[in-house]
Amino acid sequence: MLRSIELVNFLSHGDNTISLNPGITVFMGHNGSGKSSVIDGLTFALFGKHTRPNNKELVKYGESKGQASVEFSINGKDYKATRNLTAKGALTARFYDITDGKEDLIAEGERAQLGNDTMSNAIESTIG
């Protein structure tokens with residue numbers, strides 16, 4: 001279950017945290033209000049994927065860095081996936097197990113050029 005999505009200087013979002021409740025969530029708004037940016041933030045935080053031409057375009061215009069984070073639960077365990085990037089395209093990625101409010105690092109890093117994306121592999125293994 002998705003618990004929250006945090007977007008900081010990510011596309012049209014300055015510093016937004018969206019808390020999600022169990023059940024169905026619907027995003028509604030005018031064109032250009034940031035609905036698709038939330039979905040890009042979700043897929044980018046979890047899997048490093050998005051609909052933009054490159055990572056540099058994910059950082060809000062005029063900012064030097066951005067971040068997308070997702071907190072979720074599976075089988076009663078809490079997790080957090082975070083990807084930070086700079087306007088020049090540098091990327092860091094971290095995946096945490098959250099126990100009693102404490103974040104314990106499970107995996108970090110991107111190795112897509114070698115066919116071994118450490119963080120995405122850990123997330124896919126956790127999700128199943």
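Here are a few exercises with worked solutions on this predicted model.

**Exercise 1. Work out the fold pattern of the protein chain: how many helices and strands are there, and in which pattern do they follow along the sequence?**

Start by counting elements: the secondary structure comes to two helices and six strands. Next, walk along the sequence and write them down as they come up, which gives β-β-α-β-β-β-β-α. Now check the overall packing. The radius of gyration is 14 Å, close to the 14 Å that the globule rule gives for 128 residues, so the protein chain is as compact as a globular protein of that length. For the outline, the C-alpha trace spans about 40 × 35 × 25 Å along its principal axes.

**Exercise 2. Describe the surface and the contacts of the protein chain: what percentage of its residues is buried, and what percentage of the contacts joins residues at least 24 apart?**

Take burial to begin with: 34% of the 128 residues are buried. Then turn to the outside, where the protein chain exposes about 7,600 Å², with 49% of that supplied by carbon and sulfur atoms. On to charges: there are 14 positive and 15 negative side chains, and the centres of the two sets lie 5 Å apart. Last come the contacts. Take those between residues at least 6 apart in sequence, and 46% of them join residues at least 24 apart.

**Exercise 3. Leu 11 and Asp 100 each have a positive phi. Where is each one found, and is each one buried or exposed?**

Leu 11 goes first. Its phi is about 50 degrees, although Leu 11 is not a glycine. Place it on the chain: Leu 11 is found in the loop between strand 1 (2-10) and strand 2 (13-19). Its relative accessibility is 12%, and the cut-off for buried is under 20%, so Leu 11 counts as buried.

Now do Asp 100. Here too phi is about 50 degrees, and Asp 100 is not a glycine. The loop in question runs between strand 5 (91-99) and strand 6 (102-108). Exposed means over 50%, so at 80% relative accessibility Asp 100 counts as exposed.

**Exercise 4. Map the surroundings of Gln 67: which strand is it in, and which residues is it in contact with once neighbours within four places in sequence are left aside?**

Locate it: Gln 67 lies in strand 3, residues 65-74. Look along that stretch, and the side chain of Gln 67 makes a polar contact with the side chain of Ser 69, at 3.0 Å. Then leave aside the neighbours within four places in sequence, and you find Gln 67 in contact with Glu 6, Leu 7, Val 8, Phe 10, Thr 82, Arg 83 and Asn 84.

Methods
Residues are numbered from 1 along each chain as its sequence is written. This is a predicted model: local features need pLDDT of at least 70, side-chain atom pairs count only at pLDDT 80 or more; totals for chains, interfaces and linings use all residues. Side-chain values use heavy atoms; hydrogens and water are left out. Helices (H or I, at least four residues) and strands (E, at least two) are DSSP runs, numbered from the N terminus. The radius of gyration is taken over C-alpha atoms; the globule rule is 2.2 Å times the number of residues to the power 0.38. Buried means under 20% relative accessible area, exposed over 50%, partly exposed in between (1.4 Å probe, protein chains only). Contact means heavy atoms within 4.5 Å. Accessible areas come from the Shrake-Rupley method with a 1.4 Å probe; for residues, only the protein chains shown count as cover. Lys and Arg count as positive and Asp and Glu as negative; His and the chain ends are not counted. The place of a charge is taken as NZ of Lys, CZ of Arg, CG of Asp or CD of Glu. A polar contact is a pair of N or O atoms within 3.5 Å; within protein, one must be able to donate a hydrogen and the other to accept it, and residues adjacent in sequence count only if both atoms are side-chain atoms.
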